[in-house]
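Biologist: Please show me the sequence and the structure, and then let us discuss them together, one question at a time.

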Amino acid sequence: MEKGDFKLKLIIDNKEIIANNGETILEAAMRAGVKIPTLCHHPKLSNYGGCRVCVVEVGGMNRLITSCTTPVSDGMVVTTDSPKIRETRKTLLELILSDHPNDCMTCDKTGECALQDLAYEYGANVKENPYDGAMRQYPTEDKNPFIIRDFSKCILCAKCVRVCDEVRGVGAIDVMKRGFYAKVAAPFDGILNCEFCGNCVDVCPVGSLTEKLAKGKGRTWETRKVDTICGYCGVGCGITLHIKDNTVIKVTPTEKESVNNGALCVKGKFAYDFINNKDRLTRPLIKKDGKFVEAAWDETIDYTVKRLKEIKEKYGSDSIGGLSSARCTNEENYIFQKFIRAGIGTNNVDHCARY
C-alpha cells in the first residue's frame, strides 16, 4: 500500500491530526504546524534519525522515540513537549556540543546555525558542559575555490551526504570510519573535487560547510535578502541574493515557487562575483579610431541603426546575423528574433542554448 492511500487519526499535543498513511510523526506534525526541533531532518531527504533531538512521547510506550523515523498509526497519542522531553533534548544537545568548537563569536554561521538556536532554546550548558572529554580536531580544508570544510564542527547529521546522493545523484562524499572517528569525507579522505553545486552547504545546519567567497563579509542579520532569477541560462532558477553595503556577498537557492526546487548549479551558486567586478561593463562602448570608448545610450542606438542600414544596403540582408541569449526573457528573445526576421529581413538568427 502506497503512502497516503488512506488517512489516519492521531492526537498530537491534545490536538486531533489527520495524517497520511506512511507519514512519520514529524512529517504529520510539521504539516499540522506543530514544531518539533531537529538537526538531521530535511523534507527532501531520507529519514535518518541521527541527531535524536526530535524525540517525543507516545502513549503506551515507556521510552522516548525519534519522531522522524516513527510512522504514525491510527489512534496514536503523541506529546512533543514536556519536562522529560525538554531535559532529554538538553542532554542530547550538550552531548553534541561536548565535541563541538565553542567559537560562535567568529563562526560565519552565527545567526543561522540550527545548533546554536537549539542550544539557546533549551538552555544547554555550554560554559561548563558536563560531558567534556576528548574532541575531534581536524585541520580546516579550503583547497577548492568555493567551499570551506571544517570537520571539527561537523555534527554527523549526514545531510550533506544525503543531498549529494539522493538529490544530486553525485555521491561525492560519504561517512567514513565509525564511532568517535566517524567523518564525512571525499573518496580516500582526499580533497573535495565535485560539481560544486553547493547543495551540501545549503543544508548544513552548522558551520562545518561554509562559502569561501562569503567568509568574513557579513552576518546574516546584516544582509538584505532579495529574491530574483538566476541570469546564467534559460532554466530560470530562483535565487536569493544576500546583500550588504550594496554588494552581493552570497547566493542561496529559493525553496518555494521556483523551478529549481532549492537546487543550483556551480554558476548559479558561486559565480556571482561578476556583479561587482571592476571590469564589468556598465555603459555602452563604441569603437572610435580603433579603440572602444564609452558612449551615451542614445548615441549608441543611433550608431547601431545607422551601421545596420549601411550594411544592409551595401551587402544585403543576409550579410547580417543575430545571436540571442538564454539570459534574456522569452519575451525579449521573441522581440529580438522578430526584429532580425521582419526588420532586417534575414533568418540568420541563433541562440546560445540551442545545442
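Biologist: Let us begin with two helices: is the crossing in which H2 passes H3 left-handed or right-handed?

Modeller: The model is predicted: local features need pLDDT of at least 70 and side-chain atom pairs count only at pLDDT 80 or more, while totals for chains, interfaces and linings use all residues. Residues are numbered from 1 along each chain as its sequence is written, and side-chain values use heavy atoms, without hydrogens and water. Helices (H or I, at least four residues) and strands (E, at least two) are DSSP runs, numbered from the N terminus. A crossing is left-handed if the near helix is turned anticlockwise from the far one by less than a right angle, and right-handed if clockwise; H2 passes H3 in a crossing that is left-handed.

Biologist: Which term describes how H2 lies to H3?

Modeller: The axes of helix H2 (residues 83–97) and helix H3 (residues 114–121) come within 10 Å and cross at roughly 135 degrees. Axes are lines fitted to C-alpha atoms, for helices over the stretch in contact, and angles run from 0 to 180 degrees between N-to-C directions. Angles under 35 degrees count as roughly parallel, over 145 as roughly antiparallel, 65 to 115 as roughly perpendicular and the rest as oblique. The crossing angle therefore makes H2, relative to H3, oblique.

Biologist: How many nonpolar, polar and charged residues has the contact of H2 with H3?

Modeller: On the side of H2, Arg86, Leu93, Ile96 and Leu97 make the contact (heavy atoms within 4.5 Å), and on the side of H3 it is made by Leu115, Leu118, Ala119 and Glu121. Ala, Val, Leu, Ile, Met, Phe, Trp, Tyr, Cys and Pro count as nonpolar, Asp, Glu, Lys and Arg as charged, and the others, Gly among them, as polar. By class, the contact of H2 with H3 has 6 nonpolar, no polar and 2 charged residues.

Biologist: In the open sheet of 5 strands, which are the edge strands?

Modeller: This open sheet has the order S2-S1-S5-S3-S4, and its pairing is mixed. Two strands pair if DSSP finds at least two bridges between them. Each edge strand pairs on one side only, and the edge strands are strand S2 (15–20) and strand S4 (65–66).

Biologist: Which residue of S2 is the bridge partner of Ile11?

Modeller: Strand S1 (residues 7–12) pairs with S2 over 6 bridges, in the antiparallel sense. For Ile11, the bridge partner in S2 is Glu16.

Biologist: How far apart in space are Leu10 and Met76, C-alpha to C-alpha?

Modeller: Leu10 lies in strand S1 and is buried (under 20% relative accessible area; exposed is over 50% and partly exposed in between, with a 1.4 Å probe and protein chains only), its own value being 1%. Leaving aside neighbours within four places in sequence, the residues in contact with Leu10 include Val72, Ser73, Met76 and Val78. Leu10 and Met76 are 66 residues apart in sequence, and their C-alpha distance in space is 4.8 Å.

Biologist: Turning to the other sheet, why is one side of strand S10 and of strand S12 left without a neighbour?

Modeller: The 3 strands of this open sheet follow the order S10-S11-S12, with antiparallel pairing. Strand S10 (224–229) and strand S12 (247–253) stand at the edges, so each has a single partner strand.

Biologist: How many residues of S11 are buried?

Modeller: S11 pairs with S10 over 6 bridges, and 6 bridges also join strand S11 (residues 238–244) to S12. Among the facing residues, Thr240 of S11 stands opposite Asp227, and Ile243 has Val248 of S12 as its bridge partner. S11 is largely enclosed by the rest of the structure, because the number of its 7 residues that are buried is 6.

Biologist: What is the phi of Asp245?

Modeller: Most residues other than glycine have a negative phi. Asp245 is found in the loop between S11 and S12, and at 67% relative accessibility it counts as exposed. Although Asp245 is not a glycine, its phi is positive, at about 55 degrees.

Biologist: Is Phe188 buried or exposed?

Modeller: Phe188 lies in the loop between strand S8 (183–185) and helix H5 (199–203). Its phi is also positive, near 60 degrees. With a relative accessibility of 86%, Phe188 counts as exposed.
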